[in-house]
Amino acid sequence: MVIECKNVEAWVEDSHILKGVNLVVRSGEIHTLMGKNGSGKSTFANVLFGNPSYTYTGSILVDGEEIIDLEPHERAAKGLFLAFQYPVAIPGVTVGRFLKRVHDTLYPDDLERKKSFVKNLRESMDFMEIDQQFINRYLNDGFSGGEKKRMEILQMLILRPKFAVLDETDSGLDIDALKIVARGVKELYGSDFGALLITHYQRILDYLNPQHVHIMYKGRIVRSGGPDLVAQLEQDGYEWVEKEFGEAHATS
Amino acid sequence: MIDHIEEHRNQYKSKAFAELCNQSKKSYEKTSWPTLQDEEWRRTDLGYLDPSSFPLWQASQSSSEMAGSEDCLGEYVLGQDGNISISKTSDDIELYDARMNYKEFPLFNHVRKGFLEVFDDKFALWSTIWASTAPVVRVLPNRECKKPIQIRLQMPSEKVAFGSQTSVFVEDGAKASVIINFDGVGKGELLHNANISCYVGNNASLDVFLVHEDNIDSNFIGSFYNCMQNDARLRFVSLNRGAMLTKYTVYTDMQGQGSEAHMDGVFFPRSDEHVDIRSVQRHRVGKSFSRALFKGAVIDEAHSVFQGLIQVDPKANDTDAYLTNNNLVLSNSARADSIPMLKIETNDLRCSHGATIGKIDEQQLNYLGTRGLDSETAQSMLIEGYFEEVLSLFPDAILEPLKQNLLA
């Protein structure tokens, strides 16, 4: 799968947040999107997934097909998955019932997968070190921050997308939980799966080794490079980004 | 209409029951049908409804025995043809129709007296002086019923007034659950005036599951009365679906110390249906506990009204009561009114209420969308989840068809 974002702009009410994002990502690749708070990273994730709270323009091509006007569920059907920064609770709907429903919606004709759903779910829960009792709990309802994040990755394992965006999935996790989340991503990683990690911290990158790193600043991707870019950020912070692009931006 | 009532009553095989019914005749005659001027009927316009235009209907006065079902301890079934079949598989209970087999029974009088003390509108009075069918369940003292007792009334398919008087007595130390099913789906234009009276004895426990499923030509009016003794425990769960008009009061009268009552309900009117539910948690004496939870959703042009009252008498020290009403409004033309009230005459209590009226949460819809569910599917999943808190109280054996009908 190839996702090509061309000149994506986005607004929330009157606030112009994304000012022309260009990015190409593929299955088989792991990308990282970094940037200061408020630079537009989460907005970008939301726009990729068609959140109706945002107004947006530009082009998002998935394998050459325009998806910018598609509904969120149509984008999911193409094989896209978003692990939310703040997953909402769905009271009254158990994890098991929810996952079965969305799984069967995404794979309506795959009888083999439907048959082995429960087995897969149980194995994936063990793999993610999630207690089996969570199957009967209401989705994200009363879950701790860490449990919610693990639940997002569990969903990703069950739904097997071709490309996933992880929006600060590492935030607020202790080191053990972080390793488990990374384990989930590694489990899927291969020629038919790719991921974009939106993060503030280097530590998850130590486990996932992204090949591509992008820096977002004031609604644009201002710099793309390899892992060495992360090291530079860790060492020097974002000051140099501001220096280099702040003025240019001000005059643009 | 009262003449016809007399005619009907004269046919009752049990003269004792006919006499009992006759006792509230005067009050009935003196009282007028409720109008918008009556506080409890203020939001339900009955102007279109002329009770006298509905001919009275009566079920057969004989019952046939049927083979007992393995799923329940006893079963009272009124068929659409008016025939009654009764079965029971245990001597722990009595199950009969009061019109045929009622004999003098002090608890019956006790409950009726309590009922008449708190219900004084003409429909409630009507429901005490006449019955198309009058199932009685009696659970003998200290007996524990492991399986439910079922009362299933299938409505007639013609335009009639249908009166049901259902009585449940769970005597001291006994334990039972009763499923009451008013099935009017696909039947005639009906005026169903339902009376349910439950007695929960000292240290006794009762679960009542009321399922009222009706058709759009029906009018359903209910007066439900629960009378609880010392250390009694009650759960009364109701589900209403489908009638053009549903208006009922469920009144729990906690006469005993240490009693614990739960009243729960779900309702989901659509098209131009109207639902008006009133619940009363009446704490008469000390150390009693009550919870009411009513969850509704309205769509299309439907209108729902919930009036909840917690009433705590001066002697009811150490009362713990809470009332919750949640409403989900699913269209711009639908409307939900919520009127919780407290009437408190003691200082020694914990008592409060909470009411909400809201819409489907956009963030939840978006979340489910990113997981592949279109907005219609996502919305029905959220509605189902919303009702789950109450629906999950129903026994598994009857839950799935209930859910399907409620959410269809």
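Analyst: In this predicted model, a residue is called buried if 20 or more other C-beta atoms lie within 10 Å of its own.

User: Why does A:Ile60 count as buried?

Analyst: A:Ile60 has 24 C-beta neighbours inside 10 Å. The cut-off is 20 or more, so A:Ile60 counts as buried.

User: Where is A:Ile60 placed, and which residues does A:Ile60 touch?

Analyst: A:Ile60 sits in strand E4 of chain A. Leaving out residues up to four places away in sequence, A:Ile60 touches A:Ile3, A:Cys5, A:Val8, A:Leu48, A:Ile67 and A:Ile68. Contact here requires C-beta atoms, placed from the backbone, within 7 Å. A separate value, between C-alpha atoms, is the 9.4 Å from A:Ile60 to A:Asn22, which are 38 residues apart along the chain.

User: What makes strand E1 and strand E4 of chain A a pair?

Analyst: Two strands pair if DSSP finds at least two bridges between them. Strand E1 (residues 2–12) and strand E4 (residues 55–62) of chain A are joined by 7 bridges in the antiparallel sense, so the definition of a pair is met. At one of these positions, A:Ile3 has A:Val62 in E4(A) as its bridge partner.

User: Which strands of chain A stand at the edges of the sheet that holds E1 and E4, and why?

Analyst: The sheet is open, with 4 strands in the order E2-E1-E4-E5 and antiparallel pairing. Strand E2 (15–26) and strand E5 (65–66) of chain A each have a single partner strand, so one side of each has no neighbour in the sheet, and these two are the edges. Helix H1 (residues 41–48) of chain A packs on this sheet and touches E1, E2 and E4 of chain A, its direction making about 65 degrees with that of E2(A).

User: What is the strand order in the sheet of 6 strands, and what kind of pairing does this sheet have?

Analyst: The order in chain A is E6-E9-E10-E3-E11-E12, in an open sheet with mixed pairing. Strand E6 (80–83) and strand E12 (220–225) of chain A are at the edges, because each has a single partner strand. On average, neighbouring strands of this sheet are turned by 20 degrees against each other, direction ignored. One pair is strand E11 (residues 212–217) of chain A with E12(A), antiparallel over 5 bridges. There A:Val213 stands opposite A:Gly225 in E12(A).

User: Why is chain A said to be as compact as a globular protein of its length?

Analyst: Chain A has 10 helices and 12 strands. Its radius of gyration is 18 Å, and the globule rule gives 18 Å for 252 residues, so chain A is as compact as a globular protein of that length. Its C-alpha trace spans about 60 × 40 × 35 Å along the principal axes, and 41% of the 252 residues count as buried.

User: Why does the value for chain B agree with a compact globule?

Analyst: For 408 residues the expected radius of gyration is near 22 Å, and chain B has 21 Å, which agrees. Chain B is made up of 9 helices and 20 strands. Buried residues are 50% of its 408 residues. Of its contacts with a separation of 6 or more, 80% are between residues 24 or more positions apart.

User: What makes strand E17 of chain B mostly covered?

Analyst: In strand E17 (residues 303–312) of chain B, 9 of the 10 residues are buried. Strand E15 (residues 274–283) of chain B pairs with E17(B) in the parallel sense over 10 bridges, with B:Asp276 opposite B:Val305 in E17(B). Another 10 bridges join E17(B) to strand E19 (residues 335–344) of chain B, again running parallel, and B:Gln307 stands opposite B:Ile339 in E19(B).

User: How many residues of chain B are in contact with chain A, and which elements of chain B give two or more of them?

Analyst: On chain B, 18 residues are in contact with 22 residues of chain A. Helix H7 (362–370) and helix H8 (375–391) of chain B are the elements giving two or more residues to that side. By class, the side has 5 nonpolar, 7 polar and 6 charged residues.

User: Where is confidence lowest in chain A?

Analyst: Helix H10 (residues 239–251) of chain A has the lowest confidence, at a mean of 70, whereas strand E8 (residues 138–139) of chain A has the highest, at 98. The mean pLDDT of chain A is 92, with 98% of its residues at 70 or more. Where pLDDT is low, predicted coordinates should not be read in detail.

Technical notes. Residues are numbered from 1 along each chain as its sequence is written. Chains are lettered from A and ligands numbered from 1 in the order in which they are written. This is a predicted model: local features need pLDDT of at least 70, side-chain atom pairs count only at pLDDT 80 or more; totals for chains, interfaces and linings use all residues. Two residues are in contact if their C-beta atoms, placed from the backbone, lie within 7 Å. Ala, Val, Leu, Ile, Met, Phe, Trp, Tyr, Cys and Pro count as nonpolar, Asp, Glu, Lys and Arg as charged, and the others, Gly among them, as polar. The radius of gyration is taken over C-alpha atoms; the globule rule is 2.2 Å times the number of residues to the power 0.38. A residue is buried if 20 or more other C-beta atoms lie within 10 Å of its own, exposed if 12 or fewer, and partly exposed in between; C-beta atoms are placed from the backbone. Axes are lines fitted to C-alpha atoms, for helices over the stretch in contact, and angles run from 0 to 180 degrees between N-to-C directions. pLDDT is the predictor's confidence in each residue, from 0 to 100.
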